[in-house]
Amino acid sequence: MATTEVEPRRSQYTWRDKLGHWDVKASPYLYIAPFFIVFGLTGLFPIIYTAVISFMDWDTIRNTGEYLGWDNFQFVLNDRQFWIALRNTFSIFLLSSVPQVIIATFIAAMLDHNLRARTFWRMGVLVPYVMMPVAVALIFSQLFADTYGLINHWLGFIGINPIQWHVDVIPSHLAIASMVNFRWIGYNALILLAAMQAIPRELYEAAAIDGAGKTRRFFSVTLPQIRPTAIFVIITSTIGGLQIFDEPRMFDTTGTGGADKQWLTITMYMYNTGWGQLNFGRAAAIAWLLFLIILAFGLLNFWLTRRLISSDTSGSK
Amino acid sequence: MSFTRRKKTLALTAGAAIFAMTIAGCSSDGDDTEPEATDSATTEETPAETGGEPVTLTLATFNTPGYNSVEQPNADYEYDLIQEYMDLNPNVTITYDRKAESGDARTNFFTKLGPGGLADVEMIEVDWMPEVMQYSDLLEDLTSADTEGRWLESKVADATDADGRLIGAGTDVGPEAICYRASLFEEAGLPSTPDEVATLLDGDWANFFEVGQEYTDATGNAFFDSTSGIWQGMIGQINPAYEDADTGEIIATDNADVKAAYDQLTAAAETQSTGFQQWTEDWNAGMSNGDYATMLCPPWMLGVIEGNVGDAADDWNIANVFPNGGGNWGGSWLTVPSNGANVDEAKKLALWLTAPEQQAKAFANAGTYPSQPAAYEDPAVADATNAFFNDAPIGTLFADRAQAVPSAPFKGEFYFQVNTAITDALTRVDGGTDDPTASWDKAVSEIEALG
């Protein structure tokens, strides 16, 4: 820079020069400042605030607290409910996300064909997504009632004993997962469909000429081509799955996760602790633990993503 | 970098402008909430001859307290109490805000109780009264000479804090009777008119379960709707139940009365309970399908039964009796947060709305049963009958039941967490997840983790 060439004599610099100097230095920061100020207020501040509260016995109404150290974390990690909630969260996540992505891919592949009234079908799969979660919960509570539910009624026709949806662990997870899937399959199918539409048709023609059948073309052309989009769908459904709240909360009328915490998820556990027991210090500790869990999962996903994408580029050569 | 000076200056100005706009954008958020109130206040006509500065009061309730027909668009309320108060006090404008569910109202209440922003008059429910009690100093004392003896004793006791301040003006109560299905009682060879059933069930819980066993043996069906429903009635009669009134310590797991009631109920539930949970689809359907023959019935439950059953079963009836005396289920108060803008006017409104005359009208509107004994004399209450329950004289029936409600048991800050742990234990036994002993042990460890 020019200033280093000669021995600086401050008096030579006018006020305008100084201003110009500071302009070069400061302006970029000023330009990016709006984002960071908004982020600081709405993102960073709550995160730090939660961290502070998590070490206290916090009274949110009087805005006072007593320092406890690691007591809240110790309590949560020793609480049976926390581990049950963790188990339930992962179980519901697996039962929802895995079938969701598979079925969404299948539906997208179907919609990728030259159907009659294409737009109608494509918009049709999005209808469940537009429905209010509360309405979905109402419909499914009719379906999954233990004694007078439609599903148990149908199972009766084929000689299967009624399933205790609100008593047994796995059936309750299945019922909740079906609610989640109902809502999100169409949405994911549309995203995957967009990716499929972008695949050059020549690839299919070339494969067909080489004698590849429909199934072979799907597995050898379609799937590798939509990989990046599929990864996006998987990651978003992972985050959504770990934060699952609405569906299990509305699965019964008390919303506390069942008498034996059969379908208590971590976000519900946090909500019950915070708003149910008005114990915000402990709820903040749970929030931080959930944050760490999602972070760990995010990193795992990142690693998987990089692996999958690099295998993608090497595979296409 | 080759900025010309002009560009630089421009850039700096632009940067500063964006910066300033962001700051402004952030800070203007907080000021936008005020105008609503001032707008309606200024459009209000000048003070009438009754005097007083024009004020706007906000009133926040939930469910259907029976004040104004906005609560139930389909129902046609006979009286509009909100309009009536505004006619009586022309300087007052009331903004009425009603939430559908008490859970939403509770979250809202505790979010804003400290920092401010609550309505001038806030309704609270018996379920969260023990928690509200911890913050009784943030609510106005509503004690006044005019309201001496207005409410049932238990209603006042529940809303009086340790310093003797009355923080809530009682609105309604839920004195419990027994609802039953006459045809099912007949099938089991039991007497079935309301008077006969009242005599039959007059006694303690042991008697209730004996009758239940007789019914179950005769029909093979469950006798009562759910264990958590019955527990609600049993625990309300145990005093002290979960916490020591002086120290606030949790005594639930050492309290022999609680354990005895738990054992009595789980033993009876083995044959006499449906295994349903209240408010579920199964429970709703069971009301018409004859899965159970009795349930505990506060006044507001009549509407629930009628709404669920419709034309499917016309033999639900109500008996003027309750095992082991009386019981209360539900009920609310009006409170006045101290950080409100018009505390004095708000107090007047709260006390006016909870006067016997007004509460009798609210009962006529929405069936919320008054907590003011004087209202029981009011023809609107005294002559009330319920067509769906075979013209049961509900006005006089619930007046009897209200007098039978025992003095309120002490409920401390952990009351509902302990109660949830025990009803969960009962539900586990009902659903077959655990046997009674294992389930009780789980509840004990949950309760020990509290505090």
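**Chain B: its contact with chain A and its three-stranded sheet**

Reader: In this predicted model, how many residues of chain B are in contact with chain A?

Author: Contact here requires C-beta atoms, placed from the backbone, to lie within 7 Å. On the side of chain A, 33 residues take part, and the number from chain B is 32.

Reader: Which helix of chain B supplies the largest share of the side that touches chain A?

Author: Helix 1 (5-28), helix 4 (102-112), helix 12 (281-289) and helix 18 (415-431) of chain B each supply at least two residues of that side. The largest share is ten residues, and the element it comes from is helix 1 of chain B.

Reader: How many residues of the side of chain B that touches chain A are nonpolar?

Author: Seven residues of that side are charged and twelve are polar. The nonpolar residues number 13.

Reader: Which strands are at the edges of the open sheet in chain B?

Author: The sheet has three strands in the order 6-5-7, with antiparallel pairing. The twist from one strand to the next averages 30 degrees. An edge strand pairs on one side only, and this holds for strand 6 (294-297) and strand 7 (316-319) of chain B.

Reader: What is the bridge partner of Tyr180(B) in strand 7 of chain B?

Author: Strand 5 (residues 177-181) of chain B runs antiparallel to strand 7 of chain B and is joined to it by four bridges. For Tyr180(B), the partner in strand 7 of chain B is Asn317(B).

Reader: At what angle to strand 7 of chain B does helix 8 of chain B run?

Author: Helix 8 (residues 194-201) of chain B lies across strand 5 and strand 7 of chain B. Its angle to strand 7 of chain B is about 55 degrees.

Definitions and conventions. Residues numbered from 1 in each chain as written. Chains lettered and ligands numbered in written order. Predicted model: local features only at pLDDT ≥ 70, side-chain atom pairs only at ≥ 80, totals over all residues. Contact = placed C-beta atoms within 7 Å. Nonpolar A, V, L, I, M, F, W, Y, C, P; charged D, E, K, R; others polar. Pairing = 2+ DSSP bridges. Axes fitted to C-alpha atoms, helices over the stretch in contact; angles between N-to-C directions.
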